[in-house]
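Morning, everyone. Please have a look at the model on the screen, and then I'll take you through it.

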Amino acid sequence: MALESIFLILVSVGVFSAALGYGIVPSKSLPFMYGISLTNKNMANIFRAVTGLYVAFAVFWFFSAFHIELYFSAILSLILFMSGIAFGRITSIILDGLPDKIIVGYLIVELVLLSMGYFLILGIS
């Protein structure tokens, strides 16, 4: 199995798991994982919408792992996805201060994954 396939499968499983972890029942998972609670239905809707976005990308990446012609598009979308999330987290750190360790850990993972994606995409193109 190609390195690109392994990478896409691992990232898709991780992103899918993370999305379900806080998106299925946010009223239970968010207080447990992040110490925040939902105050209204709009917040639940926002978290579930983001979950849907994560799941959609994860499914695309997983599917692409088995189709060599999709490697480039999948890894490029992964780089953009991780870059966008990392940019938002860095902006929040600058404007709001340092979050809990779990969030900083997510940022580190996102930066590592986008870097790995970048180097993989160099090999494809």
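**Helix α2 and its neighbours**

The buried residues of α2 pack against three helices: α1 (3-23), α3 and α5 (101-124). This is a predicted model, so please keep that in mind throughout.

Which residues of α2 are the buried ones? Helix α2 runs over residues 26-34, and its buried residues are P26, S29, L30 and Y34. They sit on the same side of α2, because the arc they cover around the axis is only 100 degrees. Now turn to the other side of α2. There, K28 and F32 are exposed. After α2 comes G35. The phi of G35 is positive, near 70 degrees.

Let me step back to the whole chain. How many helices and strands does the protein have? It has five helices and zero strands. Along the sequence, that reads α-α-α-α-α. The protein has 125 residues, and 32% of them count as buried. Its C-alpha atoms fill a box of roughly 45 × 30 × 20 Å along the principal axes.

Next, contacts. Take those in the protein with a separation of 6 or more. Residues 24 or more positions apart account for 66% of them.

Now the largest pocket. It holds about 640 Å³ of space. Its lining is made of 29 residues. Which of them lie nearest its centre? Those are Y34, Y54, R89, Y106 and E110. We have met Y34 already, as one of the buried residues of α2.

Where does the lining come from? Helices α1, α2, α3, α4 and α5 each give two or more residues to it. The largest share is from α4, with seven residues. By class, the lining has 23 nonpolar residues, three polar and three charged.

On to the aromatics. The structure holds nine aromatic pairs. One of them is F57 with F81. The ring centres are 5.1 Å apart, and the planes make an angle of 50 degrees, so this pair is tilted: a pair counts as edge-to-face only over 60 degrees and as stacked under 30. The pair links distant parts of the chain. F57 belongs to helix α3, residues 41-64, and F81 to helix α4, residues 71-96. The two are 24 residues apart.

Are these two buried or exposed? F57 counts as partly exposed, because its relative accessibility is 24%. F81 is buried, because its relative accessible area is 9%.

Compare that with Y118 and F119. Their ring centres are 5.6 Å apart and their planes lie at 70 degrees, so this pair is edge-to-face. Y118 is partly exposed, with a relative accessible area of 44%. F119 is exposed, at 59%.

F57 and F81 also belong to a cluster. Ring pairs link them with Y22, F47, Y54 and W61. Notice Y54 here: it is also among the residues nearest the centre of the largest pocket.

Back to Y118 for a moment. Y118 is found in helix α5. Y118 and F16 are 102 residues apart along the chain, and their C-alpha atoms are separated by 21 Å.

Y118 brings us to I79. Where is I79? Its place is in helix α4. I79 counts as buried, because its relative accessibility is 11%. What does I79 touch, leaving out residues up to four places away in sequence? It touches L114, G117, Y118 and I121. I79 and E110 are 31 residues apart along the chain, with 9.1 Å between their C-alpha atoms. E110 is another of the residues nearest the centre of the largest pocket.

Last stop, the start of the chain. A2 lies in the segment before α1. A2 is partly exposed, with a relative accessible area of 29%. A2 and F66 are 64 residues apart in sequence, yet 9.5 Å apart in space, C-alpha to C-alpha.

To recap briefly. The protein has five helices and zero strands. The buried residues of α2 pack against α1, α3 and α5. The largest share of the lining of the largest pocket comes from α4. And F57 and F81, in a tilted pair, link α3 with α4. Over to you for questions.

Technical notes: Residues are numbered from 1 along each chain as its sequence is written. This is a predicted model: local features need pLDDT of at least 70, side-chain atom pairs count only at pLDDT 80 or more; totals for chains, interfaces and linings use all residues. Side-chain values use heavy atoms; hydrogens and water are left out. Rings of Phe, Tyr and Trp (its six-membered ring) pair if their centres lie within 6.5 Å; planes under 30 degrees apart count as stacked, over 60 as edge-to-face and the rest as tilted. Helices (H or I, at least four residues) and strands (E, at least two) are DSSP runs, numbered from the N terminus. Buried means under 20% relative accessible area, exposed over 50%, partly exposed in between (1.4 Å probe, protein chains only). The arc is that of the directions from the helix axis to the C-beta atoms. Contact means heavy atoms within 4.5 Å. On a 1 Å grid over the protein atoms alone, a cavity is a set of points where a 1.4 Å probe fits but cannot get out, and a pocket is an open set with protein on both sides within 12 Å along at least five of seven lines; lining residues have an atom within 4 Å of a point. Grid points are joined across faces, edges and corners, and a volume is the space filled by probe spheres set on the points. Ala, Val, Leu, Ile, Met, Phe, Trp, Tyr, Cys and Pro count as nonpolar, Asp, Glu, Lys and Arg as charged, and the others, Gly among them, as polar.
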